[in-house]
Structures are given as structure tokens and as C-alpha cells.
Amino acid sequence: MPDILQLQLGNAAAFEAVYREYHTRVYAFMWRYTRDAEICEELVQEVFVKLWSSRKSLNPGLAFTTQLFQVAKTVFIDYHRRDSRRIRYINMTETLAEDAVIQPGVRDIALMRQLSTLIDTLPPIRREVFLLGKIQGLSYPEIARELSISPKTVEGHMSKALKFLRHRLGGLLHLCLLWLW
């Protein structure tokens, strides 16, 4: 049974003991869901990194294994979400590539028109920030000087513009932006 108080204090020897004692069990937990040795190792490392970085929030009143496997479960769920997004993105780009072969240029033009229409609906300052940053390639400080606003304001407008466009275009926004450069 690991000494949670020693972990909370940052005792490296206590952490090493926990790693040696629980590595195999955490690996088996990840293996059950991934069936991939390389992914398992990455996820196990991530579990122990998260355990170390959140060691001060460990609760001495709860069983250590419960807390450790809660971290493992969270790491796996995060991995699964990232992997699902990656798979959706790959499928989407494959579909776009197939469409381009079937109808070269037609979908590109429609998508760029949609992007242009969406950019036009942005509030004027946000639109200007987006165009200066993504079309003209200016940095945030350059945009700030150009528009006489702070770089943090530029960052906020760019973030909101990208969030709006991502919401409307989904993964296609990345492709649109690639075509613009």
C-alpha cells in the first residue's frame, strides 16, 4: 500500500515504488482496451505523468488503486476521443479526395464560397483580424499595430473567428485554410 502522504510531498522514491508496483496492472488495464503494445506504453506513461502532476490532490482517505485507475480511465477516455477525431478527420479527407477525383474543382469552389460567405458574416473587427492573420499572414503583434488594438484583443478575435468557422465548417476549415496559402 503506497504512502499517499509521501507522494503528495513529492517523494520521488515513493513515486518510483508506486511505478514499479502498479506499472504492470495499469499496462494490463490499457491492453484490455487497446490491444496495441506501443499505445499501451504511451498511455501508461501518461497515467504516471498525470499521477505525479496531480499528486497533491490525492485523497489519503480513498484507496490508492481507486484513484490510480480513475486516472487511467480518464487517460484512456481522452485517448479514445483524440483517436476518434483523428479517424473522423482521416475519413473526411479520404472522402474529399474521392470527391476531388470524381468532380475536380466543383467541391473546392463550393467550399471556398461557403467560407467566404461565413467570413462575411463575422463582425467587422473580427473579420479584419481573421483576414489580416490568415489571408495576409500577419502576426498578432503586426495586426495589433495595424488596427491599434492590443495583441490579446487580436488573439481573442482570432480565437472567436476560428471557433465560429470550425463550428460551421467542421474539419473542412483546415482544408480551406490550406487552399488559401
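## Reading helices and rings in a predicted model

Mentor: Let's start with helix α6, residues 124–135: at 1.5 Å a residue, its 12 residues should span 16 Å, and the end C-alpha atoms are 15 Å apart, which agrees. Keep in mind that this is a predicted model.

Trainee: Why should the span be 16 Å for 12 residues?

Mentor: Because the expected span is 1.5 Å times one less than the number of residues. For α6 that gives the 16 Å to set beside the 15 Å between its end C-alpha atoms.

Trainee: Which residues of α6 are buried?

Mentor: Arg126, Val129, Phe130, Leu132 and Gly133 are. After α6 comes Gly137, with a positive phi near 75°.

Trainee: On to the rings. How many aromatic pairs does a search of the whole structure find?

Mentor: It finds eight. A pair of aromatic rings is described by the distance of the centres and the angle of the planes. Take Phe15 and Phe48: their centres are 6.3 Å apart with 80° between the planes, an edge-to-face pair. This pair links distant parts of the chain, as Phe15 is in helix α2 (residues 12–34) and Phe48 is in helix α3 (residues 37–53), 33 residues apart.

Trainee: Are Phe15 and Phe48 buried or exposed?

Mentor: Both Phe15 and Phe48 are buried.

Trainee: And why is the pair of Phe29 and Tyr33 called edge-to-face?

Mentor: Look at the angle: planes over 60 degrees apart count as edge-to-face. The planes of Phe29 and Tyr33 are at 70°, with ring centres 5.3 Å apart, so the pair fits that label. Phe29 and Tyr33 both sit in helix α2, four residues apart, which is about one turn of the helix.

Trainee: What are the relative accessible areas of Phe29 and Tyr33?

Mentor: Phe29 has 12%, so we call it buried. Tyr33 has 46%, so it's partly exposed. Phe29 and Tyr33 also belong to one aromatic cluster, together with Phe69, Phe76 and Tyr79.

Trainee: What sits over the ring of Trp52?

Mentor: The charged end of Arg55, 4.0 Å from the ring centre. Arg55 is in the loop between α3 and α4 (64–102). There's a link to the backbone too: a polar atom of the Arg55 side chain lies 2.7 Å from the backbone oxygen of Trp52.

Trainee: Is Arg55 buried or exposed?

Mentor: Buried means under 20% relative accessible area. Arg55 has 18%, so it counts as buried. If you leave aside neighbours within four places in sequence, Arg55 is in contact with Leu7, Gln8 and Gly10.

Definitions and conventions
Residues are numbered from 1 along each chain as its sequence is written. Side-chain values use heavy atoms; hydrogens and water are left out. Rings of Phe, Tyr and Trp (its six-membered ring) pair if their centres lie within 6.5 Å; planes under 30 degrees apart count as stacked, over 60 as edge-to-face and the rest as tilted. Helices (H or I, at least four residues) and strands (E, at least two) are DSSP runs, numbered from the N terminus. Buried means under 20% relative accessible area, exposed over 50%, partly exposed in between (1.4 Å probe, protein chains only). A charge sits over a ring if NZ of Lys or CZ of Arg is within 6 Å of the ring centre and within 35 degrees of the ring normal. A polar contact is a pair of N or O atoms within 3.5 Å; within protein, one must be able to donate a hydrogen and the other to accept it, and residues adjacent in sequence count only if both atoms are side-chain atoms. Contact means heavy atoms within 4.5 Å.
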